[in-house]
Amino acid sequence: MDDDLVPVIYKENLDTVAEQFLRDHYKKALLEPIWVDPIEVAKNMGLTVRRVYITKDGSIFGRSYFYDRYPLVGKVICGSCNHRMSHTYSGRSKYECSQKYLQKNLTGCTAGLLDEDIEKILLILLQQVEMCADVSKLKKEERAWKKERIQEAKKRLRKLENSLETVECDLQMASES
C-alpha cells in the first residue's frame, strides 16, 4: 500500500489479484467468460448501490460514494472555497478540501478539519438543536396553558353573566312587588 492506503498491484500480479477478487465476490465468472454484473458484485461485497440523479441535466453519468466509514464525506463544505471535503488519514484523521488534490499546481485549497474538531462542532450544533427543541416544547406548553386559562376565564365570565341575569331578574321582581 502507498502512503494514502491505496493498494499497489504490480503488473505481474494482476491476474492473481483479479482471480482472487472474483473468487471472493463473483465466482460465476471463474467458470466461463461472462459479463460481470456490477450490482451483484457490490451486493456480494456488502455495499449498497443507490440510484440517484446527480444532476438535473444528466451531464454526470456516475459517481462513487463511500459512506460506511466516514458519514460526513461530501456533506462537509469547505469554508474557504465552498467545495465538498473528503476524508483522509495522513498522521491524523481529518477532512480536507477536495480541491487540494484536483489542482496539480499546488495552488489548490489547503483547508482542513481534524475529525475531533468536527466532532466538537457537531456536538455544539446538536446541543443547540436540543435547546431549540426544548424552547419549542416550552412555547407549545405555554400556548396550551394560555389556551386553558382563556377557557377557564370564559367559563367564569359565563357564570358571572348568568348570576347577573339572575340578580337582575330578582331585582325586577322585587321592584314589581
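Here are some friendly notes on this predicted model, going from the overall layout to the charged pairs and surface patches.

1. **Overall layout.** The protein chain contains five helices and three strands. Read from the N terminus, the order of these elements is α-α-α-β-β-α-β-α. If you like to find your way around on screen, a useful landmark is helix α5, which covers residues 115-176. At the other end of the numbering, helix α1 takes in residues 14-25.

2. **Burial and surface.** The chain has 177 residues, and 12% of them count as buried. About 15700 Å² of the protein chain is exposed, with carbon and sulfur atoms supplying 57% of that area. As for contacts, take those between residues at least 6 apart in sequence: 16% of them join residues at least 24 apart. These figures describe the chain as a whole, and the points below turn to particular residues.

3. **Salt bridges in general.** How many salt bridges does a search of the whole structure find? The search gives three. Each has its own point below, taken in order along the chain.

4. **R23 with E19.** The side chains of R23 and E19 come together in a salt bridge, at 2.7 Å from N to O. Both residues belong to helix α1 and sit four residues apart, about one turn of the helix. R23 counts as partly exposed because its relative accessibility is 36%, which falls between the 20% and 50% limits. E19 is also partly exposed, with a relative accessible area of 37%.

5. **K28 with E40.** In this salt bridge the closest N and O atoms of K28 and E40 are 3.2 Å apart. The pair links distant parts of the chain, since K28 is in helix α2 (residues 28-31) while E40 is in helix α3 (residues 38-44), twelve residues away. Relative accessibility is 43% for K28, so this lysine counts as partly exposed. E40 has a value of 25% and is likewise partly exposed.

6. **More on K28.** Which residues does K28 contact once its neighbours within four places in sequence are left aside? They are I34 and E40. E40 is therefore both a contact of K28 and its salt-bridge partner, with K28 itself partly exposed at 43%.

7. **E142 with K146.** Here the side chains meet in a salt bridge at 3.6 Å, N to O. E142 and K146 share helix α5 and are four residues apart, about one turn of the helix. E142 is partly exposed, with a relative accessible area of 42%, and K146 is partly exposed too, at 43%.

8. **A positive patch.** K154, K155, R158 and K159 make up a positive patch on the surface. One of these residues, K159, is found in helix α5. Is K159 buried or exposed? K159 is exposed, because its relative accessible area of 61% is over the 50% limit. When you have the structure open, K159 is a handy residue to start from when looking at this patch.

9. **A nonpolar patch.** I9, L14 and V17 form a nonpolar surface patch, and their accessible area together is about 240 Å². V17 lies in helix α1, the helix that also holds R23 and E19. With a relative accessible area of 37%, V17 is partly exposed.

10. **Pulling it together.** Helix α1 holds the R23 and E19 pair as well as V17, a member of the nonpolar patch. Helix α5 holds the E142 and K146 pair and also K159, which belongs to the positive patch. Between helices α2 and α3, the K28 and E40 pair links distant parts of the chain.

Technical notes
Residues numbered from 1 in each chain as written. Predicted model: local features only at pLDDT ≥ 70, side-chain atom pairs only at ≥ 80, totals over all residues. Heavy atoms only, no water. Patch = residues over 30% accessible without salt bridge, like charges linked within 9 Å, V, L, I, M, F, W, Y side chains within 5 Å. Areas by Shrake-Rupley, 256 points an atom, 1.4 Å probe, with all protein chains shown as cover. Salt bridge = Lys/Arg side-chain N within 4 Å of Asp/Glu carboxyl O. Lys, Arg positive; Asp, Glu negative; His and termini not counted. Charge placed at Lys NZ, Arg CZ, Asp CG, Glu CD. Helix = DSSP H or I, 4+ residues; strand = E, 2+ residues; numbered from the N terminus. Buried < 20%, exposed > 50% of the residue type's maximum accessible area, 1.4 Å probe, protein only. Contact = heavy atoms within 4.5 Å.
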